[in-house]
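Got your viewer open and a hand on the mouse? Load the model below and we'll take a walk through it, one selection at a time.

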Amino acid sequence: MDTAPAPPEAPPDAGPVQTARLAVGGMTCATCAQRIEKVLGRKPGVATAQVNLATEVATVAFAPGVIDVPALIRAVEAAGYTAAPAPTDAASRAAAEAVEAAVARRDLFVLLGAAALTVPLILPMVAHPLGLHWMPPGWLQLLLATPVQFVAGARFYRGAWGALRAGSANMDLLVVLGTTAAYVLSIAMLVTGGALYFESAAAVITLVRLGKYLEERAKRSTTQAIRALMELRPATARVLSEGRELEVPAESVGRGRVVVVKPGERVPVDGAIVFGESQLDESMLTGESLPVTKGVGQPVVGGSLNGDGLLHVEATTVGPESTLARIVGLVEGAQAEKAPIQHLVDRVSAVFVPVVIALSVVTFLGWWVAGSGGEQAIINAVSVLVIACPCALGLATPTALMVGTGAAARAGILIKDAVALERAHEVDVVVFDKTGTLTEGRPEVREVLSASITPSSTELDALLMLAAAAQAGSEHPLAGAVVRAAAALQQPGRLLPAIEQFVSLPGRGLEATLAGTEGAVLIGSRRLMAEREIDVTALEARAAAAEAEGASVMWVAQGGRLSGAIVVADRIREGAAAAIARLVRMGIEPVLLTGDNRATAEVVARALGIPRVIAEVLPGDKAREVQALRSGGHVVAMVGDGVNDAPALAAADVGFAMPTGTDVAKHTAGVTLMRPDPGLVADAIAISRATTRKIRQNLFWAFIYNVVGIPLAALGFLTPVFAGGAMAMSSVSVVTNALLLRRWRPGR
């Protein structure tokens, strides 16, 4: 079996690996994509090369110190194809789409011309069952068939020659061999007075061109999600400059500039509102159906639609770092990736065309030996060549992935790679972090408990201030609740004690030394107090009662003695219970994994209907718990949002990052949710299942055409004309079936 060699690794001194995306022209089937991957993969300095037949884009990771983009383009061109850097900005994309539209119009013109010349050739075949016996003279058939063969069929000859020159075989070679054999045989029969087969050659070329035209139209529909995202950002922006509004290209707006967004307009940049209040529709970016009210100080996302308010927005993130650009990049990256099942298809495609040619030769010899004569043997061999279509095999997986990732993006689900999309359909256990995932992640201080017997309000406020000062260096959501509560009590001009030393104790709490105070301050869990041998008996009963109601208790000690405790509660996210119930209906087991105490975790779990709780887990142990579930035979998804969740997200089969999470979590996860809705987890698994079904259906149809068609053609039951039509429709049916995924909608 012809398999691609392992791509060479870049030398150690080659520098960091870069990624280039090349728009490749001239591919007709999966073997073309395979050939280009081999050519690029053999080049020194190329780490990986992936070619997507559906998007006609090659994604190449290479060492710039060893090879550059022009050299990659030359390598593709030497293999018989065209290549150029793939368009990235809106203007380049528009220009590329204009060229594609012009090519499509030219192809349609050629197709219509070929059809007009072919119809008189096949009319006698259609009219014969009706009792009409008319046949154009042989010279007229030759006159009609020749332009079809060499003008409409020129693209197949070019493709076949390029493949042969590169030492490979593709679909074009099958078409050229089959139609040329029928055409040359017809010329010979025209001289000797035998039956003519000009209509077979012309009909095959016309039908295949029709199939390719329909296929290209359908393929353009699969990239609709990308085009819709790109069109969200307006071309221009109104920038405030010295009190005047200047209209400039949106791409040129720099960080810190203030743009004016009028009612009904789209926001041109990511930024923060500095004037005004309005409702913004972010549905195309987050999948959220309802507009969100935002005012001064709140962030807005470029591409969102402004309601009825006038806004001034200060640009904070521009260019390729903007939210919209990153979303487009993620979707394009996922569409460029190959799903694991595609590697099997590639191995089959690599040997498909040579095997078909061999079967055609066997068919010819078999009919010749059987005594049917050279004419019938050639026609049946031609039918074998024409019916075989590796194009459908090459399109089966990438088209489904493209439509699936686009549908997911519209629902607010960003899938980073094809592996995550394909793997998610097998998930049978979903592990949820608690804070910020199933809860809102913005806890509030409910009560301050003092170790004193009769504490005054002043003592309670002082305890809260002490805890806030010590936690000023912490990013934990519970610490944020304490800091916010203290800020509400803080008097103007009164500053909290400065932190002189700060030590984070993962999974347990923190230790801090504050200026002007005696003794180190400890804040954290009951486990931390036990480790430091601090007696918490005085507040044990009240803390247990708070935990029984689902609150978290932060113990505070100073100088080795208990000072008190702070009760913090976080509300369960709206829709979390419905999301858990939906997962259960899908046959998926939900698990709650948290570093919080067991009593609090079990209260939340009971409220949500989660039967299994793994509590009081240190951050470093979360990944171990996920791995233990995988070792038990489960396919595990992990949903989290914090830095401490990153190892667990990486350890899971599929990681889901919440939008409120840290950048570390988002980079680690294979799937990022664009809004804090746990229900999107079930949606992501649902679109994965739907996409996987489409891939399997497509592969079935791609294989069944050949499994059934090739033997029928070899046995003489299929004419070349019928074989050409079936071959053309195989690709069209695969792409059309994938496009049905566009009807998928999130379930609730």
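Here is a tour with several stops, each starting with something to select.

**The whole chain**

Before zooming in, remember that you're looking at a predicted model. Show the whole chain as a cartoon: its secondary structure comes to 26 helices and 26 strands. There are 748 residues in the chain, and buried ones make up 49% of them. If you take the contacts with a separation of 6 or more, 69% are between residues 24 or more positions apart.

**Stop 1: H6 against H12**

Select residues 171-192, which is helix H6, and residues 373-387, which is helix H12. How do you describe a pair of packed helices? You give the angle between their axes and the distance between the axes. For this pair, the axes come within 8 Å and cross at roughly 155°. Angles over 145 degrees count as roughly antiparallel, so that is what H6 is to H12. The crossing of the two is left-handed.

Now turn on side chains. On the H6 side, the contact is made by Leu174, Leu177, Gly178, Ala181, Ala182, Leu185 and Met189. H12 brings Glu375, Ile378, Ile379, Val382 and Leu385. Colour this contact by residue type and you get 10 nonpolar residues, 1 polar and 1 charged.

**Stop 2: H12 against H26**

Keep H12 on screen and add residues 720-739, helix H26. The axes of H12 and H26 also come within 8 Å, and they cross at roughly 5°. That makes H12 roughly parallel to H26. Which residues meet here? From H12 come Ile379, Val382, Ser383, Val386 and Ile387, and from H26 come Pro720, Ala723, Gly724, Ala726 and Met727. This contact divides into 8 nonpolar residues, 2 polar and no charged. Try highlighting Ile379 and Val382: they take part in the contact with H6 and in the one with H26.

**Stop 3: Asn698**

Next, pick asparagine 698, found in helix H25. Is this asparagine buried or exposed? It is buried, with a relative accessible area of 0%. Leaving out residues up to four places away in sequence, Asn698 touches Ala396, Thr399, Ala400, Val734, Asn737 and Ala738.

**Stop 4: the two sides of H20**

Move to residues 576-585, helix H20, where Ala576, Ala579, Ile580, Arg582 and Leu583 are buried. Swing the view so that you look down the helix axis. The buried residues fall within an arc of 160°, so they line one face of H20. On the other side, Ala578 and Arg585 are exposed.

What covers the buried residues? Show strand S15 (429-432), helix H15 (434-438), strand S22 (589-593), helix H21 (598-608) and helix H25 (679-714), which are included in the cover. After H20, look for glycine 587, whose phi is positive, near 80°.

**Stop 5: Ile588**

Now select isoleucine 588, in the loop between H20 and S22. Isoleucine 588 is buried, with a relative accessible area of 3%. Draw a distance from its C-alpha atom to that of valine 427: the two residues are 161 apart along the chain, yet these atoms are separated by 7.2 Å. Val427 is among the contacts of isoleucine 588, along with Asp428, Val429, Val430, Leu583, Ile685 and Arg689, again setting aside neighbours within four places in sequence.

**Stop 6: Thr594 and Glu616**

Go on to threonine 594, in the loop between S22 and H21. Threonine 594 is buried too, with a relative accessible area of 3%. Not counting residues up to four places away, threonine 594 touches Lys434, Ala601, Ile614, Ala615, Glu616 and Val617.

Click on one of those, Glu616. Glutamate 616 is found in the loop between strand S23 (612-614) and helix H22 (619-631), and it is partly exposed, with a relative accessible area of 41%. Check its backbone as well. Most residues other than glycine have a negative phi. For glutamate 616, phi has a positive value, near 55°.

**Last stop: Glu533**

Finish at glutamate 533, in the loop between helix H18 (526-531) and helix H19 (537-548). Glutamate 533 has a positive phi of about 55° although it is not a glycine. Switch on the surface: how exposed is glutamate 533? Its relative accessible area is 72%, and it counts as exposed.

How values were computed:
Residues are numbered from 1 along each chain as its sequence is written. This is a predicted model: local features need pLDDT of at least 70, side-chain atom pairs count only at pLDDT 80 or more; totals for chains, interfaces and linings use all residues. Side-chain values use heavy atoms; hydrogens and water are left out. Axes are lines fitted to C-alpha atoms, for helices over the stretch in contact, and angles run from 0 to 180 degrees between N-to-C directions. Helices (H or I, at least four residues) and strands (E, at least two) are DSSP runs, numbered from the N terminus. Angles under 35 degrees count as roughly parallel, over 145 as roughly antiparallel, 65 to 115 as roughly perpendicular and the rest as oblique. A crossing is left-handed if the near helix is turned anticlockwise from the far one by less than a right angle, and right-handed if clockwise. Contact means heavy atoms within 4.5 Å. Ala, Val, Leu, Ile, Met, Phe, Trp, Tyr, Cys and Pro count as nonpolar, Asp, Glu, Lys and Arg as charged, and the others, Gly among them, as polar. Buried means under 20% relative accessible area, exposed over 50%, partly exposed in between (1.4 Å probe, protein chains only). The arc is that of the directions from the helix axis to the C-beta atoms.
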